[in-house]
Amino acid sequence: MTSPKRAIEESPEAFYQRFRTHALEVYLFPEPWGSPLVEVLCGDQVVYAFDRGAPPAPTGRVRALLHGAVRKAKPLEGAPFLRREGPTYRLGGRAEALGDGFYLLEAPVPVLVHGEAPLPEEAEVLLWPPLMLFRE
């Protein structure tokens with residue numbers, strides 16, 4: 001398997017501005033010293049994401065986008081879900097097409113995903129690591 005072949009963002013700031021209407025309010029826990037990973041509380045779900053914002057990451061409530069690149073996709077069988085599998089995430093839910101290969105995947109936590117191939121209306125995806133966080 002190979003990773004995505006082309007850049008899908010111009011800059012973290014431009015990416016956030018492009019998709020800001022899909023941002024959600026999350027809670028960021030204090031960033032571990034020197035780590036680019038942040039703990040993100042979304043509702044009652046905690047995820048670990050690579051912070052694409054300017055350092056240092058704030059602590060507390062912020063508007064943010066969670067984003068991942070699709071490694072594998074298939075039709076969803078069952079209820080929406082989100083789970084971590086080692087360094088990556090597998091999630092499933094309704095996929096809303098946003099254009100240019102981008103989808104808002106309505107899992108228990110909405111995640112903006114990008115896939116090289118079209119996603120089914122109800123999709124299960126395995127993401128390339130890492131899950132990324134874009135913030136105001």
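1. Pro56 sits in the loop that runs between strand S3 (45-51) and strand S4 (60-75), and in this predicted model the peptide bond joining Pro55 and Pro56 is cis, with omega at about -10°. Most peptide bonds are trans. A reader going through the backbone may therefore wish to look at this bond with some care, since trans is what most peptide bonds are.

2. There is a second cis peptide bond, joining Pro129 and Pro130, with omega at about 0°. Pro130 lies in the loop between strand S9 (122-127) and strand S10 (132-135), and strand S10 holds both Met132 and Arg135, which are taken up in the next two points.

3. Arg135, in strand S10, counts as buried because its relative accessibility is 13%, which falls under the 20% limit used for that class. Its side chain makes a polar contact of 2.9 Å with the side chain of Asp51, and the side chain of Arg135 also reaches the backbone oxygen of Ala54 at 2.5 Å. Leaving out residues up to four places away in sequence, Arg135 touches Tyr16, Leu28, Asp51, Gly53, Ala54, Pro55, Pro56, Ala57, Pro58, Arg63 and Ala64. That list includes Pro55 and Pro56, the pair joined by the cis bond of point 1.

4. Met132, also found in strand S10, has a relative accessibility of 14% and so counts as buried. Apart from residues up to four places away in sequence, Met132 touches Ala49, Phe50, Arg52, Leu65, Leu66 and His67. Met132 and Gly53 are 79 residues apart in sequence, while their C-alpha atoms are 9.8 Å apart in space.

5. Asp100 is found in the loop between strand S6 (88-99) and strand S7 (102-106), and its phi is near 55°, a positive value in a residue other than glycine. Most residues other than glycine have a negative phi. Asp100 is exposed, because its relative accessible area is 58% and the limit for that class is over 50%.

6. Gly101 is placed in the loop between S6 and S7, and with a relative accessibility of 23% it counts as partly exposed. Its contacts, once neighbours within four places in sequence are set aside, are with Val113, His114 and Gly115. By contrast, the C-alpha atoms of Gly101 and Ala54 are separated by 26 Å, and these two residues are 47 apart along the chain; Ala54 is the residue whose backbone oxygen is reached by the side chain of Arg135.

7. Arg90 lies in strand S6, and its side chain makes a polar contact of 2.9 Å with the side chain of Glu85. When residues up to four places away in sequence are not counted, Arg90 touches Phe81, Leu82, Arg83, Glu85, Glu124, Val125 and Leu126, so that Glu85 appears both in this list of touching residues and as the polar partner.

8. Pro118 is found in the loop between strand S8 (110-114) and S9, and with a relative accessible area of 70% this proline is exposed. The C-alpha atoms of Pro118 and Arg52 are separated by 26 Å, the two residues being 66 apart along the chain; Arg52 is also one of the residues that Met132 touches.

9. As to the chain as a whole, it has 1 helix and 10 strands, and read along the sequence these follow the pattern α-β-β-β-β-β-β-β-β-β-β. Among contacts between residues at least 6 apart in sequence, 68% join residues at least 24 apart. The contact of Arg135 with Tyr16 may be looked at alongside that figure.

10. On overall dimensions, a compact globule of 136 residues would have a radius of gyration near 14 Å, and the chain has 14 Å, which agrees. Along its principal axes the C-alpha trace spans about 40 × 30 × 30 Å. Of the 136 residues, 43% count as buried, and Arg135 and Met132 are among the buried residues described above.

11. The accessible surface of the chain comes to about 7,500 Å², and 53% of this belongs to carbon and sulfur atoms. The chain has 15 positive and 18 negative side chains, and the centres of these two sets lie 4 Å apart. Two polar contacts named above join such side chains, namely Arg135 with Asp51 and Arg90 with Glu85.

Key:
Residues are numbered from 1 along each chain as its sequence is written. This is a predicted model: local features need pLDDT of at least 70, side-chain atom pairs count only at pLDDT 80 or more; totals for chains, interfaces and linings use all residues. Side-chain values use heavy atoms; hydrogens and water are left out. Helices (H or I, at least four residues) and strands (E, at least two) are DSSP runs, numbered from the N terminus. The radius of gyration is taken over C-alpha atoms; the globule rule is 2.2 Å times the number of residues to the power 0.38. Buried means under 20% relative accessible area, exposed over 50%, partly exposed in between (1.4 Å probe, protein chains only). Contact means heavy atoms within 4.5 Å. Accessible areas come from the Shrake-Rupley method with a 1.4 Å probe; for residues, only the protein chains shown count as cover. Lys and Arg count as positive and Asp and Glu as negative; His and the chain ends are not counted. The place of a charge is taken as NZ of Lys, CZ of Arg, CG of Asp or CD of Glu. A polar contact is a pair of N or O atoms within 3.5 Å; within protein, one must be able to donate a hydrogen and the other to accept it, and residues adjacent in sequence count only if both atoms are side-chain atoms.
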